[in-house]
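Take a moment with the model before reading on. The paragraphs below start from a single residue and work outward.

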Amino acid sequence: MSAQPDHTPAAPYAPAPGAPAELLAQLRADRRAERWVPAFEREWAAALEESRRTFSLTTLYEVVHVWQARLVSAPAVDAFTASGRDETGFVDMAELRGRRRR
């Protein structure tokens, strides 16, 4: 009998060691820097505390991945917003909230 688990979860993709600093530089250069930089710094600080507490880098990796995805998707979101399409009536949030309360 082996003490090894029969299933080992896949480790999250580890970003390059300089990825957080590079990401922060990209965020500072973005037109949304005023909102995004403080938000990234808050999330990074919370992930760093979690990492210190748990001895795991997973939360730090997740913060980097989420913010990289936000940067990559930002042009598509901007293009959609600029297209003038109004999707506000697509999902009736009040109706959804009412269904949950029942």
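**From one serine to the whole chain**

Set aside the neighbours within four places in sequence, and Ser-51 is in contact with three residues: Ser-56, Leu-57 and Leu-60. Keep in mind that this is a predicted model. Ser-51 belongs to helix H2. Is Ser-51 buried or exposed? Its relative accessibility is 11%, and buried means under 20%, so Ser-51 counts as buried.

Now look at the helix around it. H2 runs over residues 33–54. It has 22 residues and reaches 30 Å from its first C-alpha to its last. That is close to the 32 Å expected at 1.5 Å a residue. Just after H2 comes Phe-55, which takes a positive phi of about 60°.

Which residues of H2 are buried? Ser-51 is one of them. The others are Ala-33, Trp-36, Val-37, Ala-39, Phe-40 and Ala-47. Look down the axis of H2, and these buried residues fall within an arc of 165°, so they line one face of the helix. The spacing has a simple background. An α-helix has 3.6 residues a turn, so residues three or four places apart point the same way. On the other side of H2, the exposed residues are Glu-34, Arg-35, Arg-42, Arg-52 and Arg-53.

What do the buried residues of H2 pack against? They pack against two helices, H1 and H3, the latter spanning 58–82.

Take H1 next. It covers residues 19–29. H1 and H2 pack at an angle of about 155°, and their axes are 8 Å apart. Angles over 145 degrees count as roughly antiparallel, so that is how H1 and H2 lie to each other.

Which residues meet where H1 and H2 pack? H1 brings Pro-20, Leu-23, Leu-24, Leu-27 and Arg-28. H2 brings Ala-33, Trp-36, Val-37, Phe-40, Glu-41 and Trp-44. By class, this contact has nine nonpolar residues, two charged residues and no polar ones. Ala-33, Trp-36, Val-37 and Phe-40 also appear among the buried residues of H2.

Finally, step back to the chain. Its secondary structure comes to four helices and zero strands. Along the sequence, the pattern reads α-α-α-α. The chain has 102 residues, and 22% of them count as buried. Consider contacts between residues at least 6 apart in sequence: 55% of these join residues at least 24 apart.

Definitions and conventions
Residues are numbered from 1 along each chain as its sequence is written. This is a predicted model: local features need pLDDT of at least 70, side-chain atom pairs count only at pLDDT 80 or more; totals for chains, interfaces and linings use all residues. Side-chain values use heavy atoms; hydrogens and water are left out. Axes are lines fitted to C-alpha atoms, for helices over the stretch in contact, and angles run from 0 to 180 degrees between N-to-C directions. Angles under 35 degrees count as roughly parallel, over 145 as roughly antiparallel, 65 to 115 as roughly perpendicular and the rest as oblique. Contact means heavy atoms within 4.5 Å. Ala, Val, Leu, Ile, Met, Phe, Trp, Tyr, Cys and Pro count as nonpolar, Asp, Glu, Lys and Arg as charged, and the others, Gly among them, as polar. The expected span of a helix is 1.5 Å times one less than its number of residues. Buried means under 20% relative accessible area, exposed over 50%, partly exposed in between (1.4 Å probe, protein chains only). The arc is that of the directions from the helix axis to the C-beta atoms.
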